[in-house]
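Reader: Can you walk me through this one? I'd like to know what to trust before I look at the packing.

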Amino acid sequence: MTVKSARSQGLPVLGRFPLTLRILGYALAVAVGLLYLMPFMIQLVTGFKTDPDAAAHPLGLIPTTPTTAAYQRLFGLSKAGGGVPFLRWLGNSTFIAVVVTAGRVLFDSMAGYALARLRFPGRTVLFGFILAVMAVPGVALLIPRFLVLNALGLFDTYTGMILPLMVDAAGIFIMKQFFESIPREVEEAARVDGAGVFRTFWSIVLPMARPALLTLTILSFQGSWNEFTHFLVATQSSQYETLTTGLARMVSGGLGGGTQYPLKLAAALLSTLPVAALFFCFQRYFVQDANAGAVKE
Amino acid sequence: MPPRVTTRAATGGTSHTADSPGVPDAPGGSGPAAAPPTGPAPRVGRRGEGVWGWLFVSPLVIVLGLFLVLPILMALWVSLLHWDGQSNPFSGETKFVGLDNYRALLTQSGLDRTLFATSLRNNAYYVLLTVPLQTVLALGLALIVNQRMLRGRSALRTAFFFPSVTSSIAVSTIFLFLFQGSGAVNTLLSWLGVKGPNWFNDPRGVLSLLLGGLGIVDPDKPSGALAHHSFMGLSWFEWLSGPSLAMCTIIVLSVWTTSGTFMLIFLAALQNIPRELEESAAIEGVGRFQMFRHVTLPAIRPVLFLVVTLGLIATWQVFDQVYVMSQGAPANTTLTPAYLSYSTAFDDANYGQGAAIAFILLALILTMTALQRLAMRERGTRLGRKR
């Protein structure tokens, strides 16, 4: 087999591994794959175990006495051992994620368009500012955010939870890059037809940006669904608990009476499901983001 | 790029003169704003593009200004106060203490400094282990998934990447269960005849365990220079005892969750290596290891740098996992600056001190980011010149 033909078939440059190595390689790949899947498998199975069963057989992949007690408690169907306000958490997380996602998609694309296409005084300075903002780590903002929410009277409100998340620098970056890739002629044509700036943006450019908007929607949803530290410092009452803050309180000791791992793991599993579903449907958009990280730095 | 700038200047110039004389032109130094509109000017100029521009970015400016710039300034002020969260810190009733909060953390001997030094030590070990492990693992995973002949490689890629997209809280919950005293990990270890430790209650440092096992140091009663010298309130022995077993579980968790993201970055780099490069090496008859060492590795060096520095920046921010899994326990061996800043402010109601810790951490991380951007820019210009 010549190198030329290998290329045309998309085959590797070097020949195949010898058979024994190939078998070893497959064994290794499967083993590493299991290492990444097993924790989730164990989580899924343990959710259907009883507390004693989970403690006695932490590795058992088949529950000895299968039960849906954990799920019944989470959905408020059984009052045994005190209810968990899981539905409240779910409601809060969903509400916040939907509002934040809608806000980010709109505001990030507006800002991205302005930075890519519109000429306005101070644009370069603003862009430099956004680059600087991206470098500020979230954990350094815990106390500062609390201070400002407190001063504005937004502490422990939905507004205080949502508003600071409405714009994100990374999303602006994605949109700006996309708008810069659209041929300018399209907008020129619209302008010749007499469309104003907003109309050009809204009915000409934005519809063309569907792939980038989808990426932004997915990433915004994932980000706000998984958000933890901001909600931790922005709220204190249990009525504002989300899946992340509620679960964190429950796991780090807010739950009396035993370890209750089946319950905790079931709650963790349910809180992962929406993002997992998005991930399996739209994996390539997540992949895009990981690589955007490489480009934007 | 240049043609685009001229077009933009031409349009902007037209609209400036024709429609909106009040709006100043061109952002400072961004392009040849003074260039006359040479090309065929569009028949209809854009009305008030400057106004529209600011209108479009106004949500961004308001949100970032109100919830990023303003808070940082406020926290900078609070870090100079002794504030317990009761009064209004901006009314002047709160006691102004100048740099005392910073002094207590860095120079004054006392509990504050000891705790801060402990958190720095813990986080330094966390960084020292997590960054190399996740980088090597991510590269390994990328090499596996990049095998063109491997069946099911996209399924593997999905499996490796999945932990990265899930919530850190949910994943920490799973690991808490796996690493319990009688949990899955210790059951696995017992099959191998090893009695696993009680991970989250074990404050012993792994380095001191190792040295103790070799009989070099007695971990219970350290002596000599190690015990008698100290730095920032911690003895040399405490500095050198290594991450505790509890911290090691957090390290394992972080490596496991982040390796997927970095794998994707490596994978993109591997697939970008020019095929001609590999082919000509293959014609020379190099082996697999040489190919990796002399062709692959040099080709992905910039990406390797990126992954390492991104890792360095991220690992100094570890918070969620500590909050869920250990809250700093046992014996403060999983305390990190981020968590210490949070607990000082919200648990001990010492907001001034907490803010001071946050600013020291911020300075540390911003320095690393600046160095990273500088190095990458330099590399970029060097490459540019070569071409």
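**Confidence first**

Author: This is a predicted model. Residues 1-9 of chain A have pLDDT under 50 throughout, and the model gives them seven contacts beyond four places in sequence.

Reader: Which other stretch of chain A is below 50?

Author: Residues 293-297 of chain A. That stretch has eight contacts in the model beyond near neighbours in sequence.

Reader: What is the mean pLDDT of chain A?

Author: The mean is 86. Of the residues in chain A, 89% reach 70 or more.

Reader: Where in chain A is confidence lowest, and where highest?

Author: Lowest in helix H1 of chain A, residues 3-8, with a mean of 43. Highest in helix H8 of chain A, residues 158-162, at 96.

Reader: OK, domains. How is chain A divided?

Author: Domain 1 covers 14-74 and domain 2 covers 86-254. Their centres, taken over C-alpha atoms, are 36 Å apart.

Reader: Now the interface. How many residues of chain A are in contact with chain B?

Author: 87 residues of chain A, against 94 of chain B. The chain A side has 58 nonpolar residues, 19 polar and ten charged.

Reader: Switching to helix packing in chain B. At what angle do H4(B) and H11(B) cross?

Author: Roughly 40°, with the axes coming within 6 Å. H4(B) is residues 111-145 and H11(B) is residues 245-271. The pair counts as oblique because the angle is neither under 35 degrees nor in the 65 to 115 range.

Reader: Left-handed or right-handed?

Author: The crossing of H4(B) past H11(B) is right-handed.

Reader: And what residues make up that contact?

Author: 19 nonpolar and seven polar, with no charged residues where H4(B) meets H11(B).

Conventions. Residues are numbered from 1 along each chain as its sequence is written. Chains are lettered from A and ligands numbered from 1 in the order in which they are written. This is a predicted model: local features need pLDDT of at least 70, side-chain atom pairs count only at pLDDT 80 or more; totals for chains, interfaces and linings use all residues. Domain bounds come from an automatic or database domain assignment. Two residues are in contact if their C-beta atoms, placed from the backbone, lie within 7 Å. Ala, Val, Leu, Ile, Met, Phe, Trp, Tyr, Cys and Pro count as nonpolar, Asp, Glu, Lys and Arg as charged, and the others, Gly among them, as polar. pLDDT is the predictor's confidence in each residue, from 0 to 100. Helices (H or I, at least four residues) and strands (E, at least two) are DSSP runs, numbered from the N terminus. Axes are lines fitted to C-alpha atoms, for helices over the stretch in contact, and angles run from 0 to 180 degrees between N-to-C directions. Angles under 35 degrees count as roughly parallel, over 145 as roughly antiparallel, 65 to 115 as roughly perpendicular and the rest as oblique. A crossing is left-handed if the near helix is turned anticlockwise from the far one by less than a right angle, and right-handed if clockwise.
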